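Subject: The structure, and what turned up in it

Hi,

Here is the structure I promised to send over. Have a look at it first, and then read on for my notes.

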Amino acid sequence: MTKATALQDRRLLGVEDWLEAVEYEPTRRVVFHDDLELCGRLGIEPYPWLLEILGTRNRNVLMAGGWRVGKSHTGGLTLAKRALLKGGHYWVIAKSYDLSKPEFEYTTRFLHALGEDPMISMPLQGPWTLKLARGDDPQWLLIQTKSADDPQKLEAANLDGVLLCEAAQLTVQTIIRMQGRLMQKRGWLYASGSFEQDEASPWFRETYALGLAENEQGWRTFAVPSWENTVVFPEGREDPKIREAEANMPVGIFLEKVAAEPQKPVDLVFPEFDPKGHIVPPMWGEAKVQPPIELAIDFGYGAHYAVLALTEIDGRLLVHDEFYETGVVTHDVVMNLMHRPWWKRVTGGVMDVAGRQHQGDRSQFELWYQLTGFHLRSRKVSPMSWIMRMHTFLQDPKEKKPRLLFTTKCKGCVAELQRYKWRIVDGIRVGKEPIPLYNHALSALGYYLIDKYGMVDNMARTPSEKRKNPYAKRHNWGER
């Protein structure tokens, strides 16, 4: 194989093939697909969690770590390894330049330890830069620090990878822009940080939940408590420094900042929701059976238009897929859903009773019937009624187990479960209902639970009780 052919083949490799791409580099100084050897050459303690992070083939990785566990150390090592495999252009991003310096310094130190001699620029103010030459290319490897104080300035680059520092402090606008910078080269994204109660946006917590199960977004998440760093805490969980911190810190702060366990905000409407117990891979249960699907719909004029695809598997209700967008009309929503592989299994569904109102010549119920042929069901349900019913499905009162599951496709619905909150003033709940935000998909789900299962178990509406479509007679439509 010629050098040109090898380089061409290497450019065609996906991220999953990184660990083999090193075979095309004849001057390599370390066997990168042996992470144990890599740690040995650098004098790093090969913790099992560290080897798992280094060895993952996922494009996107999130590490939620406790204080002093070595988040910056791990991020710098990850960047050094991945950058030396193929070269390219990389950014190290934090809320400010100062917060990106530790990862950059660790990356530089590891490259020197591996026998490289990069050119380093570290001005007192502004971005730091690392350049490494290979052959005729003086910028075979380029690493730059960036500040996310103004996300709109993060432009004009096609990146091979991005390392996010103290990622819970970054806004979702920064993350979206980075995904755009990585899109052309199908680059990787590595985010590390600690859970924050007052985080800039909830994306870090929500992404952590998403990455606990197999997902189509390519995320893999890790939670590493402080005591896993036995160099700093030789006795692990029982180390005196850990015990002292536990005795002196508020419980919530200790669990998030030391134990790396995300804590639910006190104003959350559904504290029962647990990503580890409620989120499953997209194909959960599909190998056994192809059950019928029903829809739960909450439409919005300018707000989110939410449609959930639900099915029962093994006695539990599964939210299999969702449509969750703003600024769309019913025709576009239906056309999108009709291209989903499960559409042929849809048998009907439930819609917000407000869909019977006439904002124009046709109501939402009439539009859905005209486009799909489905007579959607509805009934007037107060927010507190479906909220109380949702509690019993997130955790069965008798079995103390969830009977409501969500696949990782349901990002909007899962996000709402972690954002829907009560109004709290001076520690006291104010108002009879939660804040009417982040409840579009949840409202649709609540309507469905009440319609199908009733206000309490064994109280579901019988077929004879289901109201007929009030427009069927006017338009001479027959019931399906």
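Trp203, Phe204, Arg205, Glu206, Thr207, Tyr208, Ala209 and Leu210 are the buried residues of helix α8, where buried means under 20% relative accessible area, exposed means over 50%, and partly exposed covers what is in between (1.4 Å probe, protein chains only). Helix α8 spans residues 203-210, and eight of its eight residues are buried. Helices (H or I, at least four residues) and strands (E, at least two) are DSSP runs, numbered from the N terminus.

A word on where this comes from: this is a predicted model, in which local features need pLDDT of at least 70 and side-chain atom pairs count only at pLDDT 80 or more, while totals for chains, interfaces and linings use all residues. Residues are numbered from 1 along each chain as its sequence is written, and side-chain values use heavy atoms, with hydrogens and water left out.

Now the overall picture. The protein has 16 helices and 16 strands, and 52% of its 480 residues are buried. It exposes about 23100 Å², of which carbon and sulfur atoms supply 51%; these areas come from the Shrake-Rupley method with a 1.4 Å probe, and for residues only the protein chains shown count as cover. If you take contacts (heavy atoms within 4.5 Å) between residues at least 6 apart in sequence, 67% of them join residues at least 24 apart.

There are two sheets I would like to show you. One is an open sheet of eight strands with mixed pairing, in the order β3-β4-β5-β2-β6-β7-β1-β8; strands count as paired if DSSP finds at least two bridges between them. At the edges stand β3 (119-121) and β8 (219-224), each with a single partner strand, so one side of each has no neighbour in the sheet. On average, neighbouring strands here are turned by 15 degrees against each other, direction ignored. Such angles are taken between axes, which are lines fitted to C-alpha atoms (for helices, over the stretch in contact), and otherwise run from 0 to 180 degrees between N-to-C directions.

Strand β7 (residues 188-193) is a good place to zoom in, with six of its six residues buried. Trp188, Tyr190 and Ser192 point one way from β7, while Leu189, Ala191 and Gly193 point the other way. β7 pairs in the parallel sense with β1 (residues 60-65) over five bridges, and there Met63 stands opposite Ser192 and Ala64 opposite Gly193. β7 also pairs in the parallel sense with β6 (residues 161-164), over four bridges, with Gly161 opposite Trp188. Together, β6, helix α7 (residues 172-183) and β7 make a right-handed β-α-β unit: with the strands pointing away from the viewer, the path from the first strand over the helix to the second runs clockwise. Helix α5 (residues 71-86) lies across several strands, including β1, β6 and β7, and runs at about 165 degrees to β7.

The other sheet is open too, with six strands in the order β9-β14-β12-β11-β10-β13 and mixed pairing. Its edge strands, β9 (279-280) and β13 (346-351), each pair on one side only. Strand β10 (residues 293-298) pairs with β13 in the parallel sense over five bridges, and Glu294 has Gly348 as its bridge partner in β13. Helix α16 lies across β10, β11, β12, β13 and β14, at about 130 degrees to β10.

What about the nonpolar cores? The term stands for a set of buried Ala, Val, Leu, Ile, Met, Phe, Trp, Tyr and Cys residues joined through side-chain atoms within 4.5 Å. Of the 37 residues in the largest one, Phe270, Trp386, Met390, Leu404, Phe406 and Leu445 touch the most other members. The largest share of this core, nine residues, comes from α16. Apart from it lies another core, of 36 residues, among them Leu54, Val92, Leu111 and Cys165.

One last spot is Pro46, in the loop between α3 (35-42) and α4. Pro46 is partly exposed, with a relative accessible area of 31%. Beyond its neighbours within four places in sequence, Pro46 is in contact with Leu36, Cys39 and Leu51.

Happy browsing, and all the best!
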